[in-house]
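Hi there,

Here is the structure I promised to pass on. My notes follow below it.

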Amino acid sequence: MLKKRIWTEELPDDDTGLEKIPQDMLKKYIIYSKEKCHPKLHQMDQDKIAKMYAALRRESMATGSVPITVRHIESIIRMAEAHARIHLREYVNTDDVNTAIRIMLESFIDTQKFSVTRSMKKTFSRYLSYKKDNNELLLFILKQLANDQMSFQRNRFGINQDSVEISEKDLADKARQIDITNLATFYDNKSIQ
């Protein structure tokens with residue numbers, strides 16, 4: 001059985017490979033998008049937001065968590081419009097709405113009690129995983145598995161370890177639970193080697 005070793009220390013994130021945009025150019029881009037772009041939300045997208053709101057409201061009531069309010073819907077609409085504006089579009093599309101829903105849900109779920117957070121993450125996983133970098137998700141899962149293994153070692157044997165071994169099968173099983181089946185790009189990623 002193949003095993004990968006992970007260190008629990010923080011990984012550097014300065015190795016993105018993206019070219020930085022000069023600040024003057026960014027200012028001009030933002031000014032242009034504010035002045036020239038005024039995206040509109042379609043009825044279809046409003047229905048999607050309303051359905052998600054209703055489902056989240058039901059879940060909030062069932063789990064006894066902090067209830068969602070109408071302000072959350074308004075923030076989703078504003079974020080979807082802002083996402084469309086930053087892409088210089090005249091209309092809000094499905095991608096904009098899904099991204100706004102994901103951002104709002106991540107924020108809302110993070111404010112809940114720990115016992116409620118797990119349930120909500122599982123219930124709304126299809127929204128939370130939308131266009132999220134799979135490597136980021138897989139690294140989070142790997143860190144969770146490593147922390148669980150270290151806690152087990154500490155509680156069971158009284159050993160504090162700096163590193164643990166996680167089987168690829170365990171990682172693949174957890175990844176499959178969130179609909180990630182191809183781990184090749186994750187293993188090729190320089191930041192985890």
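**Helix α3 and beyond**

Just after α3 comes Leu88, with a positive phi near 60°. Please note that this is a predicted model, where local features need pLDDT of at least 70, side-chain atom pairs count only at pLDDT 80 or more, and totals for chains, interfaces and linings use all residues. Residues are numbered from 1 along each chain as its sequence is written, and side-chain values use heavy atoms, with hydrogens and water left out.

Helix α3 itself covers residues 70–86 and spans 25 Å from first C-alpha to last, close to the 24 Å expected (1.5 Å times one less than its number of residues). Its buried residues (under 20% relative accessible area, 1.4 Å probe, protein chains only) are Ile73, Ser75, Ile76, Ala80, His83 and Ala84.

Stepping back, the protein has nine helices and two strands (DSSP runs: H or I of at least four residues for helices, E of at least two for strands, numbered from the N terminus). From the N terminus, the order is β-α-α-α-α-α-α-α-β-α-α. Of the 193 residues, 33% are buried. Among contacts (heavy atoms within 4.5 Å) with a separation of 6 or more, 71% join residues 24 or more positions apart.

You may also like the aromatic count: one pair, by the rule that ring centres of Phe, Tyr or Trp (its six-membered ring) lie within 6.5 Å. The pair is edge-to-face (planes over 60 degrees apart), because the rings of Phe152 and Phe157 have planes at 90°, with centres 6.2 Å apart. Phe152 is partly exposed (between 20% and 50%), at 43% relative accessibility.

Best wishes

Definitions and conventions:
Rings of Phe, Tyr and Trp (its six-membered ring) pair if their centres lie within 6.5 Å; planes under 30 degrees apart count as stacked, over 60 as edge-to-face and the rest as tilted.
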